[in-house]
Amino acid sequence: MAIEFKTRPGIVAYLTAGDPDLATTREIALAAIDHGADVIELGVPFSDPLADGPVIQRASERAVARGTRLVDVLALAKELRAARPSAGLVLFSYLNPVVRMGMRTFTERAAEAGADGVLLTDMIVEEASEYLEAMHANSLAPVFLAAPTSPDTRLKAIAEVSRGFVYAISRVGITGTQQKVAGDAPELVARLKKFTKLPVAVGFGISNAEHVRAVGEFADAAVIGSAIVALIEKTPPEQAATAVGQMIAGLRA
């Protein structure tokens, strides 16, 4: 498993696969890795991304309109694994595309593509038995979301079945950049740490170096999504990889 945060805080970079196109996503992912991203979350575009804010919603709409499918994202993951064998690679999806492919087929293909783990945004731990069985059979790490509103009993259940890292949602609501790290985040991480020795990554609203430094005071990694996707949206495709690489380097600095 290549999910490892060698320095604190680690960087998890989210990309919507196929925005602006698959070839550019590949170059952006490689640039992000080469400039300090520990893990790439490769987002499967979906027509109804309810957990996401307008930036990632628009990216999904563009990628879906270009015809990007789950099979294309798996093919891209395989290319990334071949190009950067030591990078962390997590497939990030809503449940619907996975159900359409079939849970066992999906996990087998994800493993064949070289993915380290999977994060299904709307897969809840209480209904995950089939999913976990398929993931374990293919040596994939299930990454779950943990919210500040969850009671300790639920956080414990999430911690017990997670592998790779636990994704702590810094605030209730949808994805999107914020002015500062949510005040609930340190308490949520502390609560999770009672139940797991896994790294805890904090996401939702992390967008700049100041945020990353703040997260490093209490968590193991920061997840940057909307800020990267917004940069891609406003940058010409031929310049997007360079722009994202520079952004990741700046977060590291």
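Begin by selecting Leu22, Thr25, Arg26, Ala29 and Leu30 in helix α1 of this predicted model, and then add Asp72, Leu76, Glu79, Leu80 and Ala83 in helix α3, which are the residues that the α1 set meets. Sorted by class, this contact between α1 and α3 holds six nonpolar, one polar and three charged residues. With the selection widened to the full helices, residues 22-34 for α1 and residues 70-83 for α3, the two can be seen to pack at an angle of about 35°, their axes lying 11 Å apart. The crossing of α1 and α3 is right-handed.

Next, select Pro45, Arg69, Leu70, Pro97 and Arg100, which among the 13 residues lining the second largest pocket are those that lie nearest its centre. Helix α3 appears again here, since α3 and α4 (95-101) are the elements that give two or more residues to the lining of this pocket. The largest share of that lining comes from α4, which supplies four residues. The space in the second largest pocket amounts to about 250 Å³, and its lining comprises, by class, eight nonpolar, three polar and two charged residues.

For the last stop, turn to the aromatic rings, of which a search of the whole structure finds five pairs. Select Phe5 and Phe165, an edge-to-face pair whose rings stand 5.9 Å apart from centre to centre, with 70° between their planes. Colouring by sequence position is useful at this point: Phe5 belongs to the segment before β1 (10-16) and Phe165 to the loop between α7 (152-161) and β7 (166-169), so the pair ties together parts that are 160 residues apart in sequence.

Notes: Residues numbered from 1 in each chain as written. Predicted model: local features only at pLDDT ≥ 70, side-chain atom pairs only at ≥ 80, totals over all residues. Heavy atoms only, no water. Axes fitted to C-alpha atoms, helices over the stretch in contact; angles between N-to-C directions. Left-handed = near helix turned anticlockwise from the far one by under 90°. Contact = heavy atoms within 4.5 Å. Nonpolar A, V, L, I, M, F, W, Y, C, P; charged D, E, K, R; others polar. 1 Å grid on protein atoms, 1.4 Å probe; cavity = no way out; pocket = protein on both sides within 12 Å on 5 of 7 lines; lining within 4 Å. Points joined across faces, edges and corners; volume = space filled by probe spheres on them. Phe/Tyr/Trp six-rings, centres within 6.5 Å; stacked < 30°, edge-to-face > 60°.
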